Amino acid sequence: MSGETCSCGRAIDGAHANLRFMVPDPVLELPEAEGTPGTWLSHATARESVMMQVPDLGPFVRVLLPIQLDKGHTLTYGVWLAVSPDDLQRTFAVWWEPEYADLRLDGFLANAIHPWGLLGVPVTATVRDPDETPYLTESPDPLLTRVLTDTWPHEEAVR
């Protein structure tokens, strides 16, 4: 993987690469993206934020999508999960509290993941470590289940 770059412009090097989507894909289609009037971000910028709510699109929570690659490598995407307004409120209420460890979110993947697509696929995220963002852990979608559980060749997962 050495020397390749992601859409964020960062180099992909080493056995454990992390790539972060700045915003959910539907937000990119808005004329002002995350700058759309009325947008709420949990932090000062979309890059730093772990939660956002966008008028006419709804709420989103940042989650992690780990991809196991051959040769013991891992590629982890920081993606967005579309959630219900109630789930956003519940998530905000516990994010910095001990109850965060029990957080479970059901929603829809809000970023397309190359080469599989997967935008809009239903998925569940759970907290593995209270010091980390929730991880996508299960899905009724067979392809996303394979993405979460199988080991993928570098050449297929990283292009």
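Author: Two residues are in contact when heavy atoms of theirs lie within 4.5 Å. In this predicted model, among contacts between residues at least 6 apart in sequence, 53% join residues at least 24 apart. The chain has four helices and 11 strands, and buried residues make up 47% of its 159 residues.

Reader: Thanks, that helps me get started. Why is threonine 91 called buried?

Author: Buried means under 20% relative accessible area. Threonine 91 has 0% relative accessibility, so it counts as buried. This residue is found in helix H2, which covers residues 85-94.

Reader: Which residues does threonine 91 touch, leaving aside those up to four places away in sequence?

Author: They are Met51, Val61, Leu103 and Leu105.

Reader: Let's stay in helix H2. What makes arginine 90 and aspartate 87 a salt bridge?

Author: The cut-off is a side-chain nitrogen of Lys or Arg within 4 Å of a carboxyl oxygen of Asp or Glu. For arginine 90 and aspartate 87 the N to O distance is 2.9 Å, so the pair meets the definition. Both residues lie in helix H2, three residues apart, about one turn of the helix.

Reader: Are these two partners buried or partly exposed?

Author: One of each. Aspartate 87 has a relative accessible area of 16%, so it is buried. Arginine 90 is at 33% relative accessibility and therefore counts as partly exposed, because that class lies between the 20% and 50% limits.

Reader: How many salt bridges does the structure hold?

Author: There are three. Another one joins arginine 104 to glutamate 138, with the closest N and O atoms 3.7 Å apart. Arginine 104 sits in strand E8 (residues 104-109) and glutamate 138 in strand E10 (residues 135-138), so this pair ties together parts that are 34 residues apart in sequence.

Reader: How do you know that arginine 104 and glutamate 138 are partly exposed?

Author: The partly exposed class runs between 20% and 50%. Arginine 104 has a relative accessible area of 39%, so it is partly exposed. Glutamate 138 is at 39% relative accessibility, so it counts as partly exposed too.

Reader: And what makes arginine 146 and aspartate 150 a salt bridge?

Author: Here the closest N and O atoms are 3.1 Å apart, and the limit is 4 Å, so the pair qualifies. Arginine 146, at 41% relative accessibility, counts as partly exposed, and so does aspartate 150, at 27%.

Reader: Now the aromatic rings. How many aromatic pairs are there, and why is the pair of tryptophan 95 and tyrosine 100 called tilted?

Author: The structure holds six aromatic pairs. The ring centres of tryptophan 95 and tyrosine 100 are 4.9 Å apart and their planes stand at 55°, so the pair is tilted. Rings pair if their centres lie within 6.5 Å, and planes under 30 degrees apart would be stacked, over 60 edge-to-face. Tryptophan 95 and tyrosine 100 are both buried. Ring pairs link these two with Trp40, Phe92 and Trp96 into a cluster.

Reader: Last one: which residues lie closest to the centre of the second largest pocket?

Author: This pocket holds about 150 Å³ of space. Of the 11 residues lining it, the closest to its centre are Asn18, Leu19, Leu64, Thr76 and Gly78. By class, the lining has four nonpolar, four polar and three charged residues. Strand E3 (16-20), strand E6 (58-69) and strand E7 (74-82) each supply at least two lining residues.

Key
Residues are numbered from 1 along each chain as its sequence is written. This is a predicted model: local features need pLDDT of at least 70, side-chain atom pairs count only at pLDDT 80 or more; totals for chains, interfaces and linings use all residues. Side-chain values use heavy atoms; hydrogens and water are left out. On a 1 Å grid over the protein atoms alone, a cavity is a set of points where a 1.4 Å probe fits but cannot get out, and a pocket is an open set with protein on both sides within 12 Å along at least five of seven lines; lining residues have an atom within 4 Å of a point. Grid points are joined across faces, edges and corners, and a volume is the space filled by probe spheres set on the points. Ala, Val, Leu, Ile, Met, Phe, Trp, Tyr, Cys and Pro count as nonpolar, Asp, Glu, Lys and Arg as charged, and the others, Gly among them, as polar. Buried means under 20% relative accessible area, exposed over 50%, partly exposed in between (1.4 Å probe, protein chains only).
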